[in-house]
Amino acid sequence: MSKNREAIALVYDGEQAPTLTAKGEGELAEQIIQLALDYEVPIYENADLARMLTQLELGDQIPEALYRTIAEIIAFAWYLKGKRPAGFNPDGDQPVPKRLMRDNPDQD
């Protein structure tokens, strides 16, 4: 017995919680996924999360209980596209460990 594939799409404007903009299963899910691929939107596959989010109505914001999970997915999608928040320094003020500086002898 095969279960229909489910897909959801979220939009995040940086001002409010991410909002559900599309959802579907079967052929509609495949169309949502194909649109994402066509527009180079990163796709994250997690059947359990999709199942939870398909319970929302279109236009609903994600529930607060999922903020961290969705934030991590959005952050990773931004990372894949080379986007960083203004002033983002992934190393903070930490010095680069010597073992990472071996390729550049001028830093020793």
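## Basis and overall composition

A residue counts as exposed when its relative accessible area is over 50%, as buried when that value is under 20%, and as partly exposed in between. D48, at 52% relative accessibility, therefore counts as exposed. This and every other value below refers to a predicted model.

The chain contains four helices and two strands. Read from the N terminus, the order of these elements is β-β-α-α-α-α. The chain has 108 residues, of which 22% count as buried. Its accessible surface amounts to about 8700 Å², and carbon and sulfur atoms account for 51% of that area. Of the contacts between residues at least 6 apart in sequence, 50% join residues at least 24 apart.

## Strand β1 and helix α1

Residue E6 belongs to strand β1, which spans residues 6–11. With a relative accessible area of 19%, E6 falls under the 20% limit and is therefore buried. Apart from neighbours within four places in sequence, the residues in contact with E6 are G24, E25, A29, A50, R51 and T54.

One of these partners, A29, is located in helix α1, residues 27–38. A29 has a relative accessibility of 0% and so counts as buried. Although A29 and E6 are 23 residues apart along the chain, their C-alpha atoms are separated by 5.4 Å. When residues up to four places away in sequence are set aside, A29 touches R5, E6, A7 and G24.

## The loop between α1 and α2

Helix α2 covers residues 47–53, and Y39 is found in the loop between α1 and α2. Y39 is exposed, its relative accessible area being 62%. Together with L35 and V41, Y39 forms a nonpolar patch on the surface; the accessible area of the three residues is about 340 Å².

E40 lies in the loop between α1 and α2 as well. Its backbone is notable in one respect: E40 is not a glycine, yet it has a positive phi of about 55 degrees. Most residues other than glycine have a negative phi. E40 is also exposed, with a relative accessible area of 60%.

## Salt bridges

Side chains of opposite charge can pair when their charged atoms come close. The structure holds five salt bridges. In one of them, the side chains of E45 and R5 meet with an N to O distance of 3.6 Å. This pair links distant parts of the chain, since E45 is in the loop between α1 and α2 while R5 is in the segment before β1, 40 residues away. E45 is exposed at a relative accessible area of 63%, whereas R5, at 37%, counts as partly exposed. R5 and E45 are also linked with E30 in a network of salt bridges.

Helix α2 holds a salt bridge between D48 and R51, two residues three places apart, or about one turn of the helix. The closest N and O atoms of D48 and R51 are 2.8 Å apart. R51 is partly exposed, with a relative accessible area of 35%, and R51 is also among the residues in contact with E6. In helix α3, R68 and E72 are four residues apart, again about one turn of the helix. Their side chains meet in a salt bridge with an N to O distance of 3.1 Å. R68 counts as exposed at 64% relative accessibility, and E72 as partly exposed at 46%.

## The largest pocket

Rolling a probe the size of a water molecule over the atoms shows where empty space is left. The largest pocket holds about 1200 Å³ of space. The elements that give two or more residues to its lining are β1, α1, α2 and α3, the last of these spanning residues 67–80.

In total, 38 residues line the largest pocket. Those nearest its centre are I8, V41, P42, I43 and Y44. V41 is thus named both here and in the nonpolar surface patch with L35 and Y39. Helix α3 supplies the largest share of the lining, with eight residues.

Key
Residues are numbered from 1 along each chain as its sequence is written. This is a predicted model: local features need pLDDT of at least 70, side-chain atom pairs count only at pLDDT 80 or more; totals for chains, interfaces and linings use all residues. Side-chain values use heavy atoms; hydrogens and water are left out. Buried means under 20% relative accessible area, exposed over 50%, partly exposed in between (1.4 Å probe, protein chains only). Contact means heavy atoms within 4.5 Å. Accessible areas come from the Shrake-Rupley method with a 1.4 Å probe; for residues, only the protein chains shown count as cover. Patches are made of residues with over 30% relative accessible area and no salt bridge: like charges are joined within 9 Å, nonpolar side chains (Val, Leu, Ile, Met, Phe, Trp, Tyr) within 5 Å. A salt bridge is a side-chain nitrogen of Lys or Arg within 4 Å of a carboxyl oxygen of Asp or Glu. On a 1 Å grid over the protein atoms alone, a cavity is a set of points where a 1.4 Å probe fits but cannot get out, and a pocket is an open set with protein on both sides within 12 Å along at least five of seven lines; lining residues have an atom within 4 Å of a point. Grid points are joined across faces, edges and corners, and a volume is the space filled by probe spheres set on the points.
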